[in-house]
Every structure is written in structure tokens, then in C-alpha cells.
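Trainee: I have a model open and want to go through its enclosed spaces and one of its helices. Can we take it step by step?

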Amino acid sequence: MKQLAQELVDRAQERPDDVAVIDGEGAHALSAIVRQAQEVATVLERSLSGAPTVLVQADNSWRTLAAAVAVGLRGGLIAVISGHAARSEYELALEDIKPDAVIASPQAMATWKVDADALPLAGQVLDGWPLRASASGRTLGVERWDGGVAIAMTSGSTGRPKCVVQSESALRYAGRSTIDAVGLVPGDPIGALVPLSSVAAFCFGLHLPAMLGSPMVCLDKWSPEDAVALLRDRRVAWTMLVPTMALQLSLVAGSEGSLASLKAMTVGGGPMNAHALETAELHLGTRFLRVFGMSECLGHTTPLPSEPVETRLGRDGRPFPGTVVRVVDAEGRPLADGEVGNAQVRGPSLFVGYARDGAPRPPEVTADGFFPTGDLARVNDDGTINILGREKQVIIRGGRNIDINEVEAALAAIPGVAQVCVVPVPDDLLGERAAALLVSAGPPLDLETVRRHLAAADFPKFKWPEFVHAVPALPQNRVGKLDRSGAVALATELSAPSGADG
């Protein structure tokens with residue numbers, strides 16, 4: 001973060017009154033952010049020798065930017081963690097990252113039960129947050145990160161979260177590619193609506209506007225109504241949301257035409273349906289850019305705002321200049337355009353590795369440097385790609401495999417369906433059955449209505465869901481992505497004999 005920190009210091013000297021952050025406390029001038037950062041950097045320098053690795057509670061406010069600049073001024077690495085993280089998540093971060101210092105609110109410090117002997121109090125920073133630093137007074141050295149400057153946990157809903165290590169060059173490349181594609185210019189307000197503790201939100205919600213020289217417009221807690229008002233009233237030029245969040249905006253009462261200030265809204269990180277996205281963007285008065293990216297290779301595809309709707313919303317963009325996405329068969333042989341296979345990516349935003357025991361574990365790549373994404377994909381003849389779901393996303397019912405993505409696509413095409421999630425629920429006889437959670441833009445849809453639509457569309461009957469449940473919203477994880485494990489739990493509960501629709 002050294003380059004970004006120096007840029008902000010220089011800019012603060014030239015234009016001290018530029019607004020750097022707009023959050024729940026109001027507008028914050030760049031000079032104020034830099035002053036806070038310098039105070040943090042001074043405490044770090046006084047308490048630790050060497051460039052530090054600092055674990056920071058990343059809330060959507062001026063504090064996260066100030067902390068990032070402070071760590072950059074010290075030539076260190078910032079690892080971000082949610083203030084809502086459980087103690088177990090904090091302990092996982094300690095195990096994988098081995099930070100030299102921790103900065104968080106008093107409430108988070110208490111929840112995490114931070115060891116005062118190993119990390120004694122070094123000072124109060126950021127208007128009352130404790131900074132605790134290693135009792136040894138020495139850092140473990142930033143060289144251990146092989147050029148990494150930022151770490152964030154992945155937001156996967158199952159398994160052990162992974163701490164993804166990114167370099168400054170990767171952050172800058174992903175940000176610059178997005179700036180160029182959308183047509184952003186310095187001063188364009190950028191929305192930071194997704195929690196900044198995620199890898200993508202830290203890159204595109206914090207690093208991008210800071211690098212661009214634009215205000216970071218923050219929403220501290222997700223609310224569709226508050227998000228619409230913030231984007232409209234602050235005349236935000238661009239933001240990034242997961243599909244669930246983007247579609248929720250269009251369901252807000254009085255939101256018609258409210259997002260006309262946006263040059264575009266990037267949407268990615270979850271299942272998407274072109275019809276639902278088009279309906280939502282027409283209602284909101286903006287343009288969606290359907291993209292594909294991942295924490296390990298930041299935001300590596302996008303369409304352009306000028307492209308037709310069938311390209312912007314029916315496909316998942318083209319690779320950024322310098323990034324290559326290819327599709328291979330089970331043996332790793334590249335497939336021709338139009339064929340479906342396993343997606344692999346190579347490019348400047350590929351991550352350094354996963355943090356393990358205080359150092360990055362390099363990614364497992366092919367001999368020619370491609371990272372397997374775990375997704376099924378197709379490369380189209382115009383260079384766009386389509387992501388067709390995860391390689392292993394199936395329901396096994398009575399020995400027959402049912403592709404969840406295929407069923408979700410069929411249900412999303414039914415008029416009135418705003419969002420859909422299909423998951424397996426346990427069954428004593430067949431092993432698994434299919435259950436669908438539906439969010440409707442109009443009257444709720446029941447099982448019989450859904451079955452009539454599927455029959456009219458000639459969708460294979462053995463793939464029909466046995467259960468359909470109307471829900472006000474799909475389960476989400478902390479960063480707003482679809483929480484499939486939560487969806488399974490909800491669908492299983494609703495599909496029990498007392499709650500089944502069918």
C-alpha cells in the first residue's frame with residue numbers, strides 16, 4: 001500500500017479539502033484522513049521495529065481508509081476482518097496471518113478476547129480504537145508476504161475461510177481496468193456498499209476510489225432502502241454489488257429512475273438471470289455490467305456500458321486487457337470456442353497465495369500459469385464468456401444428477417420471479433430432493449403454479465423441484481452473497497412435513 005499512501009499524502013498537500021470519504025458520520029476531507037493515518041503510523045513506528053502486518057477491523061467508514069494509508073506509510077501489509085467476526089474467525093486470522101498488531105473497536109477486542117500479554121496496548125487511534133502491538137517490539141518482517149500488501153478472508157459459506165493475499169500491483173491493475181471500462185474520472189463518487197472486509201470490496205470499494213481521487217461513499221449496514229437513497233442523494237457514479245443486492249434495489253418503493261446518476265453498476269459474485277437484471281435496470285434507470293471475478297483473481301472480466309443489453313446482461317464480460325480466460329476439458333486440454341468446460345484464468349490480478357502460518361501458500365496453477373477457478377464456462381466467438389455454474393453443483397436424487405444451475409435458470413425465466421435458489425434437502429428414500437426458494441416481484445408463486453410454467457416450457461419433469469417456498473429474501477452471508485448453506489437449512493426446515501408446500 002506504499003504507493004497509494006504516498007499518492008494520498010501528496011494529494012492532501014495539493015488539495016487538502018477534497019472529500020475522501022462520505023460515511024454515516026458525514027463527509028471527511030482528505031487532509032483529515034491523512035492526519036489520522038499519520039497518527040496511526042506514528043504509534044506503529046513507536047511500538048514496532050520493521051514494516052508491520054496489521055489486522056484491522058474494516059468497517060465501511062473513514063477508519064478503514066485511514067488504517068490502510070497508515071500501514072502503507074509504514075511499508076506494511078493490512079489484513080482486514082469484519083467487526084462482526086466471531087472469536088473463532090479472529091483466532092483463524094491469528095493462526096493464518098500472525099499479525100504484528102491489531103486495530104479494532106473496543107467491542108470487537110472484547111468479543112475476540114485479544115490476548116493482552118501477547119499484544120499489549122500501544123495506544124488509542126482512529127478516535128478511540130485500541131492499537132495492540134506485539135510484546136516483542138519487533139515485526140516478523142513484511143518480506144514474508146512475497147510482495148503481498150493486503151489480505152482478506154474469502155466469503156465462502158462452507159468449509160474453512162481462506163485468507164487471500166493480494167499484491168499492490170494486482171489491486172491497481174484491477175482498479176485501473178475497471179476505471180477504464182466504465183469511463184470513470186477523478187471526482188466521480190464511488191459507492192462502497194459491500195463490507196470492506198471482503199477482498200473485492202476492499203479493492204473496488206476502497207482502493208479504487210482512493211487511487212482515482214474520488215470520494216468513497218459508504219453504507220455501514222445493508223438496507224435496500226438506505227442504499228437507494230445513498231446512491232441517489234450522493235449521485236454515485238459507480239458501485240459494485242452482488243446480484244441479490246442489486247435486485248433488491250428495484251423492489252424498493254419509489255425507486256423508479258432513482259439511479260440515473262450511475263454510469264453503470266457492476267454486478268457479480270452470484271447466480272444471475274438476464275431477464276431479472278434487465279427488468280431491474282430499466283426500473284432503476286441505470287445500466288448493469290454483468291461480470292465474473294473471484295477473490296483470487298480480482299474482477300477479471302467486464303462488458304462495457306455501451307454494449308447492447310444481450311451482451312451486458314446475457315454474458316459475463318470479456319477479460320481485462322492482459323488477462324486470459326480459457327476453457328479446458330477434464331484432462332486440461334483447451335477447448336474450442338462454444339464448448340463447455342472448466343474455466344482457468346491467468347493475469348496480472350492473480351493472487352500471491354493463501355495465508356497459512358504467517359506466509360502465503362502459492363496458488364496451485366498449471367504448468368503454463370493458469371489458475372483453475374472451479375467453474376464451468378464457455379468462451380463465445382466474440383470473446384465474451386459465460387459462467388455456467390460451479391463444476392460440482394448438483395442434486396443427486398435417486399441416483400440421477402440434477403444440475404442446480406439448469407433448474408435455477410428455468411425457474412428464473414418464470415414471470416414474476418425476482419430471485420431463485422435451488423438446493424438439495426435430505427430424503428430418506430431418494431437421498432436428496434430439490435427445493436426452490438423464490439423471491440417474487442409480485443404475488444408469491446406456489447408449487448403448482450411453478451410446475452405449470454415448467455410443463456409449458458417443456459422442462460424435463462425429473463428435474464422439477466418437489467418443494468417451492470416463497471420467501472421475502474434469500475439467505476445472505478456477511479458480504480451480501482447468496483449463503484447456500486443457509487439456504488439449505490431454511491429449505492430443509494420449510495420442506496419438513498409441517499412446512500412443505502408440496
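Mentor: Start with the largest cavity of this predicted model. Strand β8 gives the most to its lining, with three residues.

Trainee: Which elements give two or more residues to the lining of the largest cavity?

Mentor: The lining residues are I78, V80, A150, I151, A152, V164, Q166, L171, V199 and F202. Place them on the elements, and those that give two or more are β4 (77-81), β8 (148-153), β9 (163-167) and α7 (199-212).

Trainee: How many residues of that lining are charged?

Mentor: Sort the lining of the largest cavity by class. Nine residues are nonpolar and one is polar. The count of charged residues is no more than that leaves: none.

Trainee: How much space lies in the second largest cavity?

Mentor: The search of the whole structure finds two cavities of 30 Å³ or more. The largest holds about 60 Å³. The second largest holds about 50 Å³.

Trainee: Which element gives the largest share of the lining of the second largest cavity?

Mentor: G191, A192, L193, V194, A201, F204, G205, W238 and M240 line this cavity. β10 (190-192), α7 and β12 (238-241) each give two or more of them. The largest share, three residues, comes from α7.

Trainee: Now helix α12, residues 404-412. Which residue's backbone nitrogen does D403 reach at its start?

Mentor: Seven of the nine residues of α12 are buried. Among them are I404, N405 and V407. At the start of the helix, a side-chain oxygen of D403 comes to within 2.8 Å of a backbone nitrogen, that of N405.

Key: Residues are numbered from 1 along each chain as its sequence is written. This is a predicted model: local features need pLDDT of at least 70, side-chain atom pairs count only at pLDDT 80 or more; totals for chains, interfaces and linings use all residues. Side-chain values use heavy atoms; hydrogens and water are left out. Buried means under 20% relative accessible area, exposed over 50%, partly exposed in between (1.4 Å probe, protein chains only). Helices (H or I, at least four residues) and strands (E, at least two) are DSSP runs, numbered from the N terminus. A polar contact is a pair of N or O atoms within 3.5 Å; within protein, one must be able to donate a hydrogen and the other to accept it, and residues adjacent in sequence count only if both atoms are side-chain atoms. On a 1 Å grid over the protein atoms alone, a cavity is a set of points where a 1.4 Å probe fits but cannot get out, and a pocket is an open set with protein on both sides within 12 Å along at least five of seven lines; lining residues have an atom within 4 Å of a point. Grid points are joined across faces, edges and corners, and a volume is the space filled by probe spheres set on the points. Ala, Val, Leu, Ile, Met, Phe, Trp, Tyr, Cys and Pro count as nonpolar, Asp, Glu, Lys and Arg as charged, and the others, Gly among them, as polar.
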